[in-house]
Amino acid sequence: MMANPTTEALFLIKDVKPGSKNLNIVFIVLEIGRVTKTKDGHEVRSCKVADKSGSIAISVWDELGSLIQAGDIIRLTRGYASIWKGCLTLYTGRGGDLQKIGEFCMVYSEVPNFSEPNPDLQAQSNQQNKSGKPDQNPRGNSPPNQNSGTSAPPGNGTMQPFVNSNNNNNPPPGATRDSSFGPTGRPNGRSPGNGAPPPVTATGAPAATKPSVTISNGRDPRRAKR
Amino acid sequence: MEPSSAKAKPQGRLLVSTSLDAKDELEEKLERCVGIVQSLTNGLSERESNDALTANVCKGQQQHEDVCLGLFCLVLTDPSQAQRSYRDLTLLSRDGMNGVLVKINQILMEKFLKLQDVSRTQLVWLVRELVKSGVMGADGVLMTLMKQIAGGDMSSKNLWLAENVLDVLLDQKEWLVKSAMLVAMAVYTYLRLMVDHGTTALLVLRQKEVDFCISMLRERFMDCAVIGRDLVRLLQNVARIPEMELLWKDLLHNPAALSPQFTGLLQLLTARTSRKFLACRLTPDMETKLLFMTSRVRFGQQKRYQEWFQRQYLSTAESQSLRCDLIRYICGVVHPSNEVLSSDILPRWAIIGWLLTTCTSNVAASNAKLALFYDWLFFSPEKDSIMNIEPAILVMHHSMKPHPAITATLLDFMCRTQVRQGVFNSLTFIMEKRVLA
């Protein structure tokens with residue numbers, strides 16, 4: 001194995017835990033979520049990505065998010081993982097990057113989906129936030145729940161996004177992405193100025209939900225009887 | 001730190017890239033070589049530059065390579081100096097330009113889709129110059145360039161390429177006919193492409209293609225005959241074009257008019273078409289993706305790959321003609337090892353089933369079926385391979401329960417063709433080889 005800084009400690013998705021840092025992962029993009037705009041004008045997309053060990057959600061900001069396409073093989077460097085609305089999510093960290101290194105030719109497993117909502121993870125994350133973990137990332141690259149003091153007004157960093165037990169906020173199977181926003185149009189438990197979007201349905205909902213992007217080719221392969 | 005972009009990356013001059021793309025090593029290397037050439041010749045007169053470059057080239061293999069690749073890259077990226085850069089390259093090269101040809105091949109096979117417009121234009125210009133200079137290996141480069149013309153693709157870039165490569169062939173006819181293989185490949189390519197060019201907007205291009213193919217078929221028939229039975233398939237697809245109709249009359253009733261060695265249609269139909277031809281109508285990217293699917297993707301896991309492939313190559317009405325090329329490729333070129341066959345890797349019949357069931361028109365569907373069964377029609381165990389006919393029987397077999405309609409139309413199709421002997425041979429062979437358990 002080359003002593004290349006970017007290939008050191010190449011992680012598998014299954015090894016990603018909340019609070020993991022300095023993650024170098026190669027994955028293939030399965031689905032791109034819809035764009036959502038943050039209050040400070042940034043665009044965020046939540047994408048479903050996978051490697052041979054499973055799938056996970058990653059949040060990508062702005063230009064990179066608009067360039068990513070399903071089928072892209074991407075190397076994440078210096079990423080980190082955190083809980084967003086009860087779901088384990090990847091982010092690009094400070095000094096980190098997303099680089100497209102190929103497309104199509106990578107085998108993956110969609111299951112297990114490590115971004116499935118997990119109430120234990122949520123509780124764990126509540127604890128972390130209380131302890132006031134230091135900011136890991138510059139503005140725009142971090143989710144608001146990292147005490148990052150992003151574009152949010154001062155004092156926002158202590159806000160707990162999960163205060164409102166987001167378990168109840170998980171979209172039911174087959175629901176549209178918009179459903180995670182309350183009827184007021186503002187997401188529950190999120191403070192004003194907190195711009196990060198909810199995860200796409202495919203990652204936030206139980207595995208039984210069909211992927212949100214489907215082209216039907218009218219043919220379901222029969223499983224080989226071997 | 002800027003939230004919106006990754007590390008700012010200067011745009012290279014060879015390839016299109018975004019802030020998402022990783023640096024391209026070939027582009028970096030070539031641009032480094034340009035830097036070397038420029039540093040050697042900066043501010044010098046033309047004569048002094050030549051001396052400086054010559055001196056450097058003599059220093060060793062690495063310096064020779066640096067200068068040649070630098071000049072090559074300048075040809076591609078600086079059109080105003082291209083003539084001069086090319087001339088210098090031909091004078092300075094000590095390996096018959098082999099190092100440059102290798103890089104051209106790499107660009108064609110790996111980077112063609114990402115070339116900037118100027119570079120692509122220049123690359124075609126360069127290939128034409130290589131042909132005119134009689135550089136050894138230019139025919140191979142031209143064949144690789146032809147391979148980049150995508151079937152079923154109506155984009156202006158692709159049409160431009162089709163037309164410009166054809167212009168080189170027309171321009172350099174004397175050189176062309178010295179290579180029987182190139183003649184055959186070119187005829188195979190343009191007989192296939194003219195199917196896509198039947199719209200009014202493209203009539204001029206199509207007429208050029210027709211004239212070219214007819215002239216090659218009538219003047220170098222035996223070179224073309226090497227193609228074998230797929231030549232007949234291609235000619236069938238364009239039989240309505242007046243000049244082709246006339247050719248068919250000779251094929252059927254007056255074969256000697258085409259060549260004294262040509263005994264008739266059967267001679268073509270009983271000759272299996274070489275994989276070279278079946279593969280030449282897939283671009284490298286299509287091949288890479290299909291080969292990946294048939295060698296690494298497990299059965300049951302193919303849905304997304306199919307979606308992505310379909311979205312890229314099969315999403316328009318005009319692109320349906322590509323299915324036949326893909327099916328012929330899978331039947332004739334993809335012959336998995338026994339190890340893969342006995343694993344749970346996506347089998348060929350499943351891919352073909354997908355290609356058949358996603359046809360969006362009846363014409364496309366019937367052409368696709370013919371493509372699938374083509375090797376059955378005149379199957380002869382001594383000359384043909386079981387691997388060419390195996391997918392068809394398995395598509396039918398596996399479709400019987402979930403998609404009885406498929407099996408029915410395929411069987412119907414087979415029986416209507418008046419080629420019972422070939423079909424009989426195929427079935428017999430399949431039974432002997434126990435393709436069906």
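Colleague: In chain A, what percentage of the contacts with a separation of 6 or more comes from residues 24 or more positions apart?
Modeller: Such residues account for 67% of those contacts, where a contact means heavy atoms within 4.5 Å. This is a predicted model, in which local features need pLDDT of at least 70, side-chain atom pairs count only at pLDDT 80 or more, and totals for chains, interfaces and linings use all residues, while side-chain values use heavy atoms and leave out hydrogens and water. Residues are numbered from 1 along each chain as its sequence is written, and chains are lettered from A and ligands numbered from 1 in the order in which they are written.

Colleague: What makes up the secondary structure of chain A?
Modeller: Chain A has 3 helices and 6 strands. From the N terminus on, the order is β-β-β-β-α-β-β-α-α. Helices (H or I, at least four residues) and strands (E, at least two) are DSSP runs, numbered from the N terminus.

Colleague: Let's turn to chain B. How do you know that B:Lys111 and B:Asp24 form a salt bridge?
Modeller: The term asks for a side-chain nitrogen of Lys or Arg within 4 Å of a carboxyl oxygen of Asp or Glu. Here the closest N and O atoms are 2.8 Å apart, so the pair of B:Lys111 and B:Asp24 qualifies. B:Lys111 sits in helix α5 (residues 98-111) of chain B and B:Asp24 in the segment before α1 (25-41) of chain B, so the bridge ties together parts 87 residues apart in sequence.

Colleague: Why is B:Lys111 called buried?
Modeller: Buried means under 20% relative accessible area, exposed over 50%, and partly exposed in between (1.4 Å probe, protein chains only). B:Lys111 has 12%, so the residue counts as buried. B:Asp24 also comes to 12% and is therefore buried.

Colleague: Then why is B:Asp167 called partly exposed?
Modeller: Its relative accessible area is 23%, so B:Asp167 falls between the two limits. B:Lys208, at 24%, is partly exposed as well. These two residues form a salt bridge, with the closest N and O atoms 2.7 Å apart. B:Asp167 belongs to helix α8 (residues 156-171) of chain B and B:Lys208 to helix α11 (residues 203-219) of chain B, 41 residues apart.

Colleague: What makes B:Asp325 and B:Arg192 a salt bridge?
Modeller: Their N to O distance is 2.6 Å, so the pair lies within the limit. B:Asp325 is in helix α19 (residues 322-332) of chain B and B:Arg192 in helix α10 (residues 180-193) of chain B, so parts 133 residues apart in sequence are tied together. Both B:Asp325 and B:Arg192 are buried.

Colleague: Which residue of helix α19 has a relative accessible area of 1%?
Modeller: That is B:Arg328, and at 1% it is buried. Among the residues B:Arg328 touches, not counting those up to four places away in sequence, are B:Asp230, B:Tyr374 and B:Asp375.

Colleague: One last topic, helix packing. What makes residues in the contact of α3(B) with α6(B) nonpolar, polar or charged?
Modeller: B:Phe72, B:Val75, B:Leu76 and B:Thr77 in α3(B) meet partners in α6(B) including B:Ser119, B:Gln122 and B:Trp125. That gives 7 nonpolar, 3 polar and no charged residues. Ala, Val, Leu, Ile, Met, Phe, Trp, Tyr, Cys and Pro count as nonpolar, Asp, Glu, Lys and Arg as charged, and the others, Gly among them, as polar. B:Phe72 is therefore nonpolar and B:Thr77 polar.
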